[in-house]
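Here's a quick walk through one protein model, taking in its main pocket, its nonpolar packing and one arginine. Have the structure open while you read.

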Amino acid sequence: MREIKKPQSRALALPAPMHYLPALRKTNQLVARGQRTWVLHKRLGVQLLALFIVVFVLGVGMINRNHLVNGATVVTERAASLFAYAGLAVSEVSLSGYGLTKEAALFEAIGLQGNISLVNFDAEAARQRIEALPSIKSATIRKIYPNSLNIELVEKTPIAVWRIDGVSFAIDAKGDKLVSLEQGGIDGLPLFIGDGAADDAASLIKALEPYELLQQDLLAVSRIGDRRWDLIYDTGLRIMLPEKDVDQALAKIVALDTEKQLLSRDIEILDFRLKDFIAVRPVDRAVTDQDEANTQ
C-alpha cells in the first residue's frame, strides 16, 4: 500500500507587535485637552462666531444697501396701500382744545397728505410736529380704528396782544409770539404797541393788577424808546409813566384820583416822568369843539 504522508504543520511567524498603545494614549490626551479647552472657552467661541456672522451680514448689507432700502420702501408703500384699500385710511380727525391755532397749521403738522392708513400713521412724529407750533403747549393723539384720529390740544396762554409794524400777535408771559391775529385783537387782553413792548408786557400787567381803576377803559399801552410806558385810554387821556419806580407812580395816580378825581377831569396828558412834580395838559376845548363841528 502506498503510504500517505501527512502534511507537516508549519508555525506561522507573526509580525512583531506594533506599539499602538502609546500613540492611542497620546491621541486621547489631545482630545481630552481639546474638550477641556472648549468647555472653558465655549462662551467666548460662541461670541466670536456670532460676531463673525454679524460682521458678514453687515458687510453684505452695506454692499447691497441701496437694494435693501428700495425693497423696504416698496414693501412699506404697498402695505400702506393695502391697509388703506382695506378701509383703514384716515378719514376722520377730531380736534379739541384749540382757539388761537389755525386749523391749516394743525393739519399741516398732523401730516395727512395722501391716502394714509391708520396702521402706518406715525402718531409720535405727528405729536412732535404739533408741539413745535408756537401756540401749542402739548398734544395727545389717539388712534381709533378703523379710520379715526382723536387729537387733544393744550394751547399756551396769551397774556396780551402786541402790535408792531401794523401786524398784531398774541404773546405769552415770556413775550414770545404765539400766533398772528387777522382781526388785530383778542377780547379781554390788553394791547401793547411799539418796539420792545412784548418783552416787558408781563411786568407791567403785574404792576397794574392791584389797580382796577387804571385797567378800566385802557385802550393800549405804548412802549416809548424801549425804556418806559404810556397808558392810553379811550377817553383820550395819556398817562406818561417814568422809566423807574413804576409801582410808586401807579399808586400815586390812584391816590390823586381818590383825592381830586383826577382821571375824570378834561385832561389830555398826565406826565409822571419827573419825580418831584406832575405835569398836566388839559384838553383844548377849542380844538375839541371844532372837531365836533366838523363831524356834524
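What follows covers the pocket, then the cores, then the arginine.

Bear in mind that this is a predicted model. Its largest pocket has a volume of about 380 Å³. There are 20 lining residues, and G188, L189, P190, L191 and L218 are the ones nearest the centre. Two or more lining residues come from each of β4 (160–164), β7 (191–193), α6 (197–208) and β8 (218–224). β8 gives the largest share, with 4 residues. By type, the lining splits into 13 nonpolar, 4 polar and 3 charged residues.

Now for the packing. The largest nonpolar core has 31 residues, and those touching the most other members are F192, L204, L214, L231, I239, L241 and L250. At least two core residues apiece come from β4, β5 (167–171), α6, β9 (228–233), α8 (246–260) and β11 (267–271). Another core lies apart from this one, with 17 residues that include I110, I130, I136 and I151.

Back to L241: setting aside residues up to four places away in sequence, its contacts include L204, L231, V246, L250 and I253, along with R228.

So where does R228 sit? It is in strand β9. R228 counts as buried because its relative accessibility is 7%, below the 20% cut-off. Its side chain has these polar partners:

| R228 side chain to | Distance |
|---|---|
| D230 side chain | 2.6 Å |
| L241 backbone oxygen | 3.2 Å |

Beyond four places in sequence, R228 is in contact with S222, R223, M240, L241, P242, E243 and R273.

Definitions and conventions:
Residues numbered from 1 in each chain as written. Predicted model: local features only at pLDDT ≥ 70, side-chain atom pairs only at ≥ 80, totals over all residues. Heavy atoms only, no water. 1 Å grid on protein atoms, 1.4 Å probe; cavity = no way out; pocket = protein on both sides within 12 Å on 5 of 7 lines; lining within 4 Å. Points joined across faces, edges and corners; volume = space filled by probe spheres on them. Nonpolar A, V, L, I, M, F, W, Y, C, P; charged D, E, K, R; others polar. Core = buried A, V, L, I, M, F, W, Y, C linked by side-chain atoms within 4.5 Å. Buried < 20%, exposed > 50% of the residue type's maximum accessible area, 1.4 Å probe, protein only. Contact = heavy atoms within 4.5 Å. Polar contact = N/O pair within 3.5 Å; in protein donor to acceptor, adjacent residues only side chain to side chain.
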